[in-house]
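Reader: I am new to this structure and would like a close look at a single part, followed outward into whatever surrounds it. Please take your time over it.

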Amino acid sequence: MKKNIIKRKEFYFYIGSALSQVVSLLTSLMIIKNFSPGVFGEYSYLFSIASICGSLATLKLELSIPVAKSFSDANSRTTLTLLVSLMLNVFMIILFSLLGFVPDYSSLLFVFLISCIVSINATFNQLFLQSESFIVTGFIPLILAVANFLFLQILNSFGGNPILFAFIVTGKQIGRAHV
């Protein structure tokens, strides 16, 4: 009797992850096409700082969630991970700002929001893996990638930029690529 290598519920995980990569690629192409190299460089720089902060902030506590013996235990571990990551994200953002890595308040807001999203995403992915919710785990990255794409489309249509609405609020001038 032949066994399927991939179970049906795991299939959704793979499809969601693959589709999110396609949307992320389209988003990157849109950013490259519509924004000047300087703006793209600033976006990449700040996004890198946010990714580092968000990844470090969980202290990899989220990896303890899938091995929890009960859903109640998994929820407790999730709560602990979220609280620790929020506190460490705040601490690291302040530290990066004091060290001069984050130049202004609008950039600080961008880095803080993205670093929190990275931490929250990692934590909830582990929670859904623990409960074997492969459909949810597979489609969370897709939903986030589509939301990011739509957000950047909205900013682009209003003459904004990828460094969040805070630049519009503060009136900071951003160079756009001439297409």
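Author: Lys60 has a relative accessible area of 47% in this predicted model, and because partly exposed covers the range between under 20% and over 50%, Lys60 counts as partly exposed. The residue lies in the loop between α2 and α3, and its phi is positive, about 60°, although Lys60 is not a glycine. Leu59 also belongs to the loop between α2 and α3, and it too has a positive phi without being glycine, in this case near 55°. With a relative accessible area of 53%, Leu59 is exposed, since exposed begins over 50%.

To place this loop, it helps to step back to the whole chain. The protein chain has six helices and zero strands, so that from the N terminus on its elements follow the order α-α-α-α-α-α. The chain has 179 residues, of which 35% count as buried. Among contacts in the chain with a separation of 6 or more, 74% are between residues 24 or more positions apart.

The loop joins two helices that also pack on each other. The axes of α2 and α3 come within 8 Å and cross at roughly 140°, and α2 and α3 are therefore oblique to each other, because only angles over 145 degrees count as roughly antiparallel. The crossing in which α2 passes α3 is right-handed. On the side of α2 the contact is made by Ile49, Cys53, Gly54, Leu56 and Ala57, and on the side of α3 by Val84, Ser85, Leu88, Asn89, Met92, Ile93 and Phe96. Sorted by class, these residues comprise nine nonpolar, three polar and no charged ones.

Helix α2, which covers residues 37-57, also packs against helix α4, residues 105-130, at an angle of about 45° and with the axes 7 Å apart. This pair, too, is therefore oblique, and α2 passes α4 in a right-handed crossing. From α2 the contact draws on Glu42, Tyr43, Leu46, Phe47, Ile49, Ala50, Ser51, Cys53, Gly54, Ser55 and Ala57, while α4 contributes Ser107, Phe110, Val111, Ile114, Ser115, Val118 and Ser119. In this contact of α2 with α4, 11 residues are nonpolar, six are polar and one is charged.

The remaining pairing among these three helices is that of α3 with α4, whose axes are 10 Å apart and set at an angle of about 160°. Because this angle is over the 145 degrees at which roughly antiparallel begins, α3 and α4 are described as roughly antiparallel to each other. Their crossing is right-handed. Residues of α3 that take part include Phe71, Ala74, Leu82 and Asn89, and those of α4 include Leu108, Phe112, Phe124 and Gln130. The contact of α3 with α4 has 13 nonpolar, 10 polar and no charged residues.

Some of the residues named above return in the interior. The largest nonpolar core has 18 residues, and those that touch the most other members are Ile31, Ile49, Cys53, Met92, Phe96, Phe110 and Val111. At least two residues of this core come from each of α1, α2, α3 and α4, with α2 giving the largest share, seven residues. One of the core residues just listed, Phe96, can be followed individually: apart from neighbours within four places in sequence, Phe96 is in contact with Ile49, Cys53, Phe101 and Val102. Of these partners, Ile49 and Cys53 belong to α2.

Finally, helix α1 offers two examples of residues that are far from their spatial partners in sequence. Gln21 is found in helix α1, residues 8-34, and is exposed, with a relative accessible area of 54%. The C-alpha atoms of Gln21 and Leu142 are 7.9 Å apart, although their positions lie 121 residues apart in sequence. Leu26 has its place in helix α1 as well, and at 46% relative accessibility it counts as partly exposed. Leu26 and Phe149 are 123 residues apart in sequence, with a C-alpha to C-alpha distance of 7.9 Å.

Methods:
Residues are numbered from 1 along each chain as its sequence is written. This is a predicted model: local features need pLDDT of at least 70, side-chain atom pairs count only at pLDDT 80 or more; totals for chains, interfaces and linings use all residues. Side-chain values use heavy atoms; hydrogens and water are left out. Axes are lines fitted to C-alpha atoms, for helices over the stretch in contact, and angles run from 0 to 180 degrees between N-to-C directions. Helices (H or I, at least four residues) and strands (E, at least two) are DSSP runs, numbered from the N terminus. Angles under 35 degrees count as roughly parallel, over 145 as roughly antiparallel, 65 to 115 as roughly perpendicular and the rest as oblique. A crossing is left-handed if the near helix is turned anticlockwise from the far one by less than a right angle, and right-handed if clockwise. Contact means heavy atoms within 4.5 Å. Ala, Val, Leu, Ile, Met, Phe, Trp, Tyr, Cys and Pro count as nonpolar, Asp, Glu, Lys and Arg as charged, and the others, Gly among them, as polar. Buried means under 20% relative accessible area, exposed over 50%, partly exposed in between (1.4 Å probe, protein chains only). A nonpolar core is a set of buried Ala, Val, Leu, Ile, Met, Phe, Trp, Tyr and Cys residues joined through side-chain atoms within 4.5 Å.
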